[in-house]
Amino acid sequence: MNLRDIHTPVLLERCIELLAPALSRDGAVLVDATLGMGGHSEAFLHRFPGIHLIGLDRDQDALRIAGERLAPFGDRVTLVHTVYDGIVEAVNSAGFEKADAVLFDLGVSSLQLDVADRGFAYSQDAPLDMRMDQTTGPTAADVLATYSEGQLRAIFERYGEEKLSARYARFIIAARREAPIERSGRLVEILVAATPAAAQRAGHPAKRVFQALRIEVNAELAAVERAIPAALDVLPVGGRIVVLSYQSLEDRIVKRALSAATASTAPSGLPVELPEHAPRFRLLVKGAELADEEERARNPRATPVRLRAAERVRDAA
Ligand SMILES: C[S@@+](CC[C@H](N)C(=O)[O-])C[C@H]1O[C@@H](n2cnc3c(N)ncnc32)[C@H](O)[C@@H]1O
């Protein structure tokens, strides 16, 4: 398997350009909070020969594969098995107090989606696992076996923004009375049978339900919610963060966290802003940046991406 063929890092040149000013010093530290197969990390290590990389992932397969890929960089690399909201502890355990730059490339990796038999993809029949960290927590099959109809409907609505949530939840409950739903192929059959013909045209019926189950199984939104403020805390003045999101729920959380950090905390009505009320961060891009047409044509994974970035301009105190 050639890693470069299965995963082209998304918006790589733009990530490098945005983080470069924070990484010019010898000994600068970059945290790749979503190491995956190490595509972004490898490019940064080549481009900035003076940096130390701390790579985080909750998926041990990803850590093993990226570890082999990054082995040529020797002790310039520290890999940590953690959920990314443990970023502060990971940086400290690697022997650093601060990190000069942090990159998040959220979501699932191509490895999880396309290669491994892990139940993330509705296009391949596999056991319904969907845990990014296979060492802990309930699987998607457990969720389908134990949640009530109301709970299933709520996660399909909230995390899949699925219009047919109630109907799908009902069909799933009926189907699981006959036999446990343990494989992605069976779940797809149930969802297809539950989808009225007119709705079949609006994309694959299973797409949003699979997304919702994945988000629920991995508590993804809660992790992002905690991780972005933690990552901002780890940056010194001049430190930079770039976040790539692939769906609107995640992007909304990132947008809110960066807006809060870049807003003045001065009470309204004060004639002059006191220094302690000045924003701690400034946005590096206006709104969310998208991949251009050329990249989207070359790399379909880049189609939904939203990039946001910020720089610390003053200390917290
Ligand atoms: C899109 S991939 C990253 C790909 C990587 N940038 C590359 O170039 O190969 C996202 C990775 O983040 C990991 N991940 C997702 N949520 C996580 C979390 N809450 N904590 C730690 N890692 C997470 C996934 O396991 C996956 O390997």
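Strands β1 (residues 29–32) and β2 run parallel to each other, paired over four bridges. That's a good way into this predicted model, and β2 (residues 52–57) is a handy strand to follow: six of its six residues are buried, so the rest of the structure largely encloses it.

**Around strand β2**
- Both faces of β2 are covered, with H52, I54 and L56 buried on one side and L53, G55 and D57 buried on the other.
- Looking towards β1, you'll find D32 opposite G55 of β2.
- To get from β1 to β2, the chain passes through helix α3 (residues 39–47), and this β-α-β crossover is right-handed.
- β2 also pairs with strand β3 (residues 77–81), in parallel and through five bridges.
- On that side, L56 has V80 of β3 as its bridge partner.
- Helix α4 (residues 60–70) joins β2 and β3 in a right-handed β-α-β unit.

**Salt bridges**
- The count of salt bridges comes to 20.
- D129 and R131 form one of them, with their closest N and O atoms 2.9 Å apart, and both residues are buried.
- E162 and R208 make another, at 3.0 Å from N to O.
- That pair ties together distant parts of the chain, 46 residues apart: E162 sits in the loop between α8 (149–160) and α9 (165–178), while R208 belongs to helix α12 (residues 207–217).
- E162 is buried at 5% relative accessible area, whereas R208 is partly exposed at 29%.
- R298 and E294 also meet in a salt bridge, 2.9 Å from N to O, and both lie in helix α15 (residues 293–298), about one turn apart.
- D59, D61, R64 and R118 are linked in a salt-bridge network.

Notes
Residues are numbered from 1 along each chain as its sequence is written. This is a predicted model: local features need pLDDT of at least 70, side-chain atom pairs count only at pLDDT 80 or more; totals for chains, interfaces and linings use all residues. Side-chain values use heavy atoms; hydrogens and water are left out. Buried means under 20% relative accessible area, exposed over 50%, partly exposed in between (1.4 Å probe, protein chains only). Helices (H or I, at least four residues) and strands (E, at least two) are DSSP runs, numbered from the N terminus. Two strands pair if DSSP finds at least two bridges between them. A crossover is right-handed if, with the strands pointing away from the viewer, the path from the first strand over the helix to the second runs clockwise. A salt bridge is a side-chain nitrogen of Lys or Arg within 4 Å of a carboxyl oxygen of Asp or Glu.
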